[in-house]
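Student: Could we go through this structure together, one question at a time?
Tutor: Gladly; have a look at it first.

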Amino acid sequence: METLISVLIGILFTIGVYLILSKNLLHIIFGSSILSHGAHLLIITMGGLKKGAPPLVSENAAAYADPLPQSLILTAIVINFAVTAFLLVLAYRSYDVLGTNDMNQLRGVNDE
Amino acid sequence: MNNLIILPLLIPLGAGLMTAIFRKNILFQRIISILAVLLTCAASFFLISQVSSQGIQTLQLGGWPAPYGITFALDMFAALLILTASFVSLACLLFAIPSIGQERERYYFYPLYQFLMVGVNGSFLTGDLFNLFVCFEVMLLASYVLLSLGGTKPQLRESIKYILINTISSSLFLIAIAYLYRITGTVNMAHLSVLIAQAGQDGLITTVSLLFIIVFSLKAGLLLFFWLPGSYSTPPAAVRAVFGALLTKVGIYAIFRVFSLIFYHQPETTHLILGVMALLTMLLGGMGAMAYWDIHKILSYNVIISVGFIIAGFTAFSMEAIIGAIYYLMHDMIVKALLFLIGGAMIGITGTSKLKEMSGLIRYHPLLGWMFFIGAMALGGIPPLSGFIGKLIITQGILEKGALDPFFYALAAAGLLSSLMALYSVVKIFTNGFWGETLLSKDMEKISTKGLIFPCVLLTAISIFLGLGGEVLYPYLAAAAETLLNPQIYIEAVLK
């Protein structure tokens, strides 16, 4: 199971990196989003995917899933959510002000 | 257990929340911000005295014993950095109040400034790898907004790049933590250190440590500094000074902590790679600093040079070199803030950052000019001033290592050469900006420097004190270096 998910994470990283290297700002934001999906999946996979009850004491099970990676992911997700929201608004605003979302045209010093 | 060590985090957090509520009352925001920074300074003095008399102070949050809860640990290294950071933030805040402008003040400048300090102090305090990630993000999110606040075209353009680089490096940080958690099963730094020392640092762990090098180098601007010159030249002067003085230094702190506490078993791999990166950073930063005729660019490349120099001291990994590196780290935070502030004042006065379009500022601004001169000499490492002692001790420490590995001779040579380059580049600003024919008459100047002088005087005084009073600081630096070189002390304090 871990191997399968690891391959999936590898594919997500590939797509993420490919998108980040593209010209369109929106594609880049999608890419960084997919990259962080990969990172979150990696955390849960690295915590182990053995069978066990959900980490609730009331389940009374013999074995539970590791709760620590789950809380780490939850933290990482909200942080990533905030950054992505900010980045999207910033992209919107810079499209308004600069009139382009093409990274090649965002490089110059022509506005100074 | 010592509940007080959380103060450097709580004070700015409280102040940030309070100023965020009363965003229209600018006077109130200013008073609260200054009070908070002064309180943090006082608290860090008190904590230093505690650490020097009683050793490392720890706080197990929520009372959970060490590997299970989040630990805050304050050793002398972190305490010294918190103190220096609060002085820098005091000076930059005093500079920001007259210069930042009402628009930004009304749109949450002060809360964001305080939250930035929460992130910085939290990163210095924490003893938990994932908590370090969170504190980094607190700091970075505040810095994203401070960078783009105002919304001018260059700010928008550069903040997109800055945020993208940092989201990618944060993803890499998460990946590195995930791998380390798989291998060891813990994220507490002291516990990680114990487990890795027991199991031995094999190839897998060294690989993960290389991932940490990439992550922290991106944050600190060590060789992977391509994002830095652009993003550090767009925000207003006070913000730029805080960024230049503090943000990269947090990355350096993380490198120091992680590679002295956790991954110290394979120095011939990890520390050598850090050394090579430091060497290239110093040379490339020096070339960049010499090449430009733009105050922003010259100062940004000087940040890069000193990052390389500090890491070069760290890679020698002897008592002497580490003392030098810590001293230089503190000196550099102060002097970089000073140079960025005066550079900001110069840009404000002339309305341009191009050196070829300004000259003769010393006629109406003698104090600014001579303070810049002192800062420039301190940066270059001229004897009575603060940079000299740091450079001397670091170079001695590196040269001692040279007997074992000739690479360190090259590192020392690059360090000295880069000092020369740094000196040339800042003296270029001084001779072109301050000397020469006076172009601007008094009433043609864009801003008044009233109120901008005092923070610069404060920083200059601290820098001179660091130079002349190195002897007073020595026992504290030695204590800091001892904990870094003997991780056992840190581990015993955390996992008792």
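Student: In chain A, which helix has the highest confidence and which the lowest?
Tutor: This is a predicted model, in which local features need pLDDT of at least 70, side-chain atom pairs count only at pLDDT 80 or more, and totals for chains, interfaces and linings use all residues. Residues are numbered from 1 along each chain as its sequence is written, chains are lettered from A and ligands numbered from 1 in the order in which they are written, and side-chain values use heavy atoms, leaving out hydrogens and water. Helices are DSSP runs (H or I, at least four residues), numbered from the N terminus, and pLDDT is the predictor's confidence in each residue, from 0 to 100. In chain A, confidence is highest in helix α1 (residues 2-20), at 96, and lowest, at a mean of 94, in helix α3 (residues 67-98).

Student: What is the mean pLDDT of chain B?
Tutor: In chain B, 100% of the residues reach 70 or more. The mean pLDDT of chain B is 93.

Student: How do α6(B) and α11(B) run, roughly parallel or roughly antiparallel?
Tutor: Helix α6 (residues 129-148) of chain B packs with helix α11 (residues 237-261) of chain B at about 165°, their axes being 12 Å apart. Axes are lines fitted to C-alpha atoms, for helices over the stretch in contact, and angles run from 0 to 180 degrees between N-to-C directions. Angles under 35 degrees count as roughly parallel, over 145 as roughly antiparallel, 65 to 115 as roughly perpendicular and the rest as oblique. Therefore α6(B) and α11(B) are roughly antiparallel.

Student: Which residues of α11(B) meet α6(B)?
Tutor: Contact means heavy atoms within 4.5 Å. From α6(B) come L129(B), L132(B), F136(B), M139(B), S143(B), L146(B) and L147(B). Their partners in α11(B) are V239(B), F243(B), L247(B), V250(B), G251(B), A254(B) and V258(B).

Student: Why does α9(B) count as roughly parallel to α12(B)?
Tutor: The axes of helix α9 (residues 203-220) of chain B and helix α12 (residues 270-291) of chain B come within 10 Å. They cross at roughly 25°, which means that α9(B) is roughly parallel to α12(B).

Student: Which residue forms a salt bridge with E2(A)?
Tutor: A salt bridge is a side-chain nitrogen of Lys or Arg within 4 Å of a carboxyl oxygen of Asp or Glu. Here the closest N and O atoms are 3.9 Å apart, and the partner of E2(A) is R182(B). The pair crosses between chains, from helix α1 of chain A to helix α7 (residues 153-184) of chain B, where you find R182(B).

Technical notes: Helix = DSSP H or I, 4+ residues; strand = E, 2+ residues; numbered from the N terminus.
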